[in-house]
Amino acid sequence: INAEYMGSSGINAEPQNPKTTISIETWCYLIIVMNKDLSFTPLSPFIDITFWHEFSSLKLDKLQLNDKPIRIFATYTPAIASGKLSISDTCLSEKSAKSVGGLIESRMEGTFHNVNTEEQFKEADRKAIAGNVEKRLREVIEKEWVENSRKLAEFYVLAFVDLKQYVVTYKYLLL
């Protein structure tokens, strides 16, 4: 990581050594030491009923028997330690992050994979799914995380939606 010294007396301060290279471990240590209040709140998904309603319409009208995974978005508010990753009806479209009450809702990209039968859901290889998501995350870390840090966090939802019985079964993975 290349860190640039900004100077303590303002923007026009001339650094003695303009670019210093430090390791990622040192960078993380500095962030933790400088901000002792830094904490981690794990996210847990909250899939709103509006999402299932919108997905049912999409499944009946457009997807039909297609069971390929689709990209969706979820939102969370980093300024509030609620730990809720919200998936609602708007998450099926390409809407950008919005400002609500002065707080910014951030988007997290993810994959939604609906299978057509309960047997497919039960027989799904969850270890292979986790391996594929981990592989994609490693590729992001190696190539593009500086330009697009949003890709460092991802979720995967495997679901079986029984439209005749109105029953939804799902498992999720957060990275």
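Strand β8, residues 106-115, is mostly tucked away, with nine of its ten residues buried. That is how things look in this predicted model, and β8 makes a handy place to start.

β8 has strand partners to describe. With β4, β8 runs antiparallel, and seven bridges join the two. One pairing to look for here is Arg71, whose bridge partner in β8 is Thr111. With β9, β8 runs parallel, this time through six bridges. Here His113 stands opposite Leu158 of β9.

Back in β4, which covers residues 70-76, sits Tyr76. Tyr76 has a relative accessibility of 23%, and because buried means under 20%, Tyr76 counts as partly exposed. The C-alpha atom of Tyr76 is separated by 5.5 Å from that of Glu105, although the two residues are 29 residues apart along the chain.

Next comes helix α4, residues 126-143. At 1.5 Å a residue, its 18 residues should span 26 Å, and the end C-alpha atoms are indeed 26 Å apart, so the two values agree. Which residues of α4 are buried? They are Ile129, Val133, Leu137 and Val140. These four cover an arc of only 70° around the axis, so they sit on the same side of α4. The spacing fits a general rule: an α-helix has 3.6 residues a turn, so residues three or four places apart point the same way.

The buried residues of α4 pack against β9 (155-162) and β10 (167-174). On the other side of the helix, the exposed residues are Lys127, Asn132, Lys135, Arg138, Glu142 and Lys143. Strand β9 thus turns up twice, since β9 is joined to β8 by bridges and is packed against by the buried residues of α4.

Conventions: Residues numbered from 1 in each chain as written. Predicted model: local features only at pLDDT ≥ 70, side-chain atom pairs only at ≥ 80, totals over all residues. Heavy atoms only, no water. Expected span 1.5 Å × (residues − 1). Buried < 20%, exposed > 50% of the residue type's maximum accessible area, 1.4 Å probe, protein only. Arc of directions from axis to C-beta. Contact = heavy atoms within 4.5 Å. Pairing = 2+ DSSP bridges.
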